[in-house]
Each structure stands twice: as C-alpha cells, then as structure tokens.
Amino acid sequence: MLSTLAPLARAAEVLRWEPPFSYASPATRQPYAPPAKARRAWKLCVVVPHLKDAYWLAVNYGMIDEARRLGVHMQVLEAGGYPNLERQRSLLQACAEAADMDAMILGTVSFDGLSDLLRDVSRKKPVLATVNDIADAGLAAKVGVSWYDMGRQVGEYLAGLPHPGQARVPIAWFPGPRDAGWVPFVDKGFRDAIRDSPIAIVSTGWGDTDKTVQRDLVQEALDAHPEVRYLVGNAMMAEAAVGVLRGRQPEGGPGGRAGDIGVLSTYFTPGVYRGIVRGKIMAAPTDSPVLQGRLSVDQAVELLEGRRYARHMGPVIRLVDRRSLPHLDLDESMPPPTFTPQFRYPPR
C-alpha cells in the first residue's frame, strides 16, 4: 500500500555535481525541495536490474510513490538480475520504441555494457540514469552517489575499530556481482580505506546479490578461512551472514568462533537495519534508496516540462551504526513494511 501523505514534504539535503556525471568532480551540499504536481500525465519507462531484494524494492517504492504524488504514469521492467545484460538491453530498446513513453529511467546492470544502445535510443527519448554508476554516453541526467565513497566509509569504519595486540585482522570480503557497474567502485573505495591498516582480506567472494548465492559464499569463506574476524560486503551477504553465524554457534549459547565474527554491510536495507538494532550487524552506509527513487522521477518530470533541473545529484551518504541510528530519517532509506513490488502506476 502506498502512503496517503504527500512524501518529501520537507526539504531534503542532496549533493550536486558540476560538471555532471563524474563523481571525481567536486560536489556541493544543497537543500532540495520536490517539484509541484506535473502539468501533464507524462509516461515514464523504468528499467532496473531486478526487484528481488530490499534495496531495489526501496527504490521502487520511492519512484511509484513520487509518480503518484506528481500525477505521472510509470511502467517498471526488470532484467531479472545483474548477469542479464542482454535482457536489459532488449527492455531498454522496447521502451525506446514504445510510442506512448516520454522518457526512460535506467538502473543499469553494467557500467558500459549498454553504451552503444544508449547513444542510439537517447536520440529518440531522454534517458536518465538512477542508482548504479554508468558511462555517460547518451545520458540526459543522473541520480546516484559515489559507490567509491560507500566502500570507503565502510573501510574507514572497520579500520578505525580497536584491534588491540593484532598486527593482522583477517576478513572475508563480498563486493557483489563482478560485472555490475557499482561493484568495482565500492571494491576500490574499501581497499583504499584499509590499505594502511591491520585489516587483511583473506577471501573475496564475488556473486549476484541473491541471498541464497551470498549465503553459499559466506559458508564457503568460513569453511576455507576459519580465522576470519569480520564478514564485510553487500547487504544480502550481511543479512545472510546473520543466519549463517547463528547456525554455527554452539548449542545453548552465543560463544565460540562464530560469536566473535563481526558483520558490516556496504549499503543499507531493512534487514541490515534490523541487524544493527539487534547488534548482529555493526554498521552500514545508507545512500537513501527511497529518496533516490523520488529524485529520479522528479528529475524526469522537470526535464520533460522544460524546467531547470539538476543534471547530476544524489543523497548525502550517512554511516549508520547503533549510536547514529536514532538520528537517521528512515523514510528516506526504507519503504513501508507492507509495500510489495509495483510494476505500473496507476495500477490497472
């Protein structure tokens, strides 16, 4: 069920990059107020990697609820996972050829695997990138954050923890799908942050952000490297790791090696939130995926109506642990607990 209150009633704080599309360029913090209701019922075609985890569900909620608020139409298509580049290409092509669609919003499965297609389809309709980093070919606008900074914040947090008497702290690292556009950046940011610290990566598990896939990777890492002190990586790994570690604790208590292993996530989901509240997950940065969904719809509407708009913007990244949790605006990061994936607005 969608909220009945107008979302984003107060100004949010966002980052804007000038010149656009490069996270290496300087960013400035600015207040952001959402636009008024659209003058036309524009039709937006949204193509995302999948809607099978809580992160993309949060983006989906932000987009659908903002489409409702602005009075525009939306169709959402999913590729089914990060390995499915060809399927995403065909979905984007279908959006471009649909006569009733006015603009396309793309959450890519690959940094440059769609560049040739984007150059072509952007001549027909504007293409706006959302969430995942992507080469700038054909883009009219972009919403996202620096995934390098997401990885860096986790690495700095981990490196800053006390490790008394330990010259080397072994960890297992789970960046995500090797070919996804965001993964190389989070991987580099994390590795740069721990370079001069005792943290040592002894196992790296690449894989799709499917909880079953990540659970298997965690089990394999723990079997091969029982010395690891921390499991660090994507949110589906962190959520799965909580259950894996619980199952490895001796019957009757929390003691044993499993009880000594910390878990950190590179992004924030409802499952990660619950893990932080319960003390099972130590920390995670949030890039406010609900807010990103809203910003992308706002950006598309402003573009279509010929208003001034920020070509490249995104939420301010915030590191969340139990101490900072009370200060977090959860509505920017998490959908209502009753929300289920929505593929069309208005619904038929």
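## Charged pairs and a positive patch

Lys 211 and Glu 239 make a salt bridge, with their closest N and O atoms 2.9 Å apart. Lys 211 belongs to helix α6 (residues 211-224) and Glu 239 to helix α7 (residues 235-248), so this pair ties together parts that sit 28 residues apart in sequence. Keep in mind that this is a predicted model. In total, the structure holds 21 salt bridges, and a few of them are picked out below, along with a patch of positive charge on the surface.

**Between helices α6 and α7**

- Back to that opening pair: Lys 211 is partly exposed, because its relative accessibility is 32%.
- Its partner Glu 239 comes in at 16% relative accessibility, so Glu 239 counts as buried.
- Asp 223 and Arg 248 also meet through their side chains in a salt bridge, at 2.7 Å from N to O.
- Here Asp 223 is in helix α6 and Arg 248 is in helix α7, so the pair ties together parts 25 residues apart in sequence.
- With 54% relative accessibility, Asp 223 counts as exposed, while Arg 248, at 33%, counts as partly exposed.

**A network of shared partners**

- Asp 65, Glu 66, Arg 68, Arg 69 and Arg 294 are joined into one network by salt bridges that share partners.

**Within helix α5**

- Arg 191 and Asp 187 pair up through their side chains in a salt bridge, 2.9 Å from N to O.
- Both residues lie in helix α5 (residues 183-194), and they are four residues apart, which is about one turn of the helix.
- Which end of this pair is buried, and which is partly exposed? Asp 187 has 12% relative accessibility, so Asp 187 counts as buried, whereas Arg 191 has 32% and counts as partly exposed.
- As background, side chains of opposite charge can pair when their charged atoms come close.

**The positive patch**

- Arg 246, Arg 274, Arg 278 and Lys 280 together form a positive patch on the surface.
- Where does Lys 280 lie? Lys 280 is in the loop between α8 (270-277) and β12 (284-286).
- Lys 280 has a relative accessible area of 49%, so Lys 280 is classed as partly exposed.
- Patch members need over 30% relative accessible area and no salt bridge, and Lys 280 clears that area cut-off because its value is 49%.

Note on methods
Residues numbered from 1 in each chain as written. Predicted model: local features only at pLDDT ≥ 70, side-chain atom pairs only at ≥ 80, totals over all residues. Heavy atoms only, no water. Patch = residues over 30% accessible without salt bridge, like charges linked within 9 Å, V, L, I, M, F, W, Y side chains within 5 Å. Areas by Shrake-Rupley, 256 points an atom, 1.4 Å probe, with all protein chains shown as cover. Salt bridge = Lys/Arg side-chain N within 4 Å of Asp/Glu carboxyl O. Lys, Arg positive; Asp, Glu negative; His and termini not counted. Charge placed at Lys NZ, Arg CZ, Asp CG, Glu CD. Helix = DSSP H or I, 4+ residues; strand = E, 2+ residues; numbered from the N terminus. Buried < 20%, exposed > 50% of the residue type's maximum accessible area, 1.4 Å probe, protein only.
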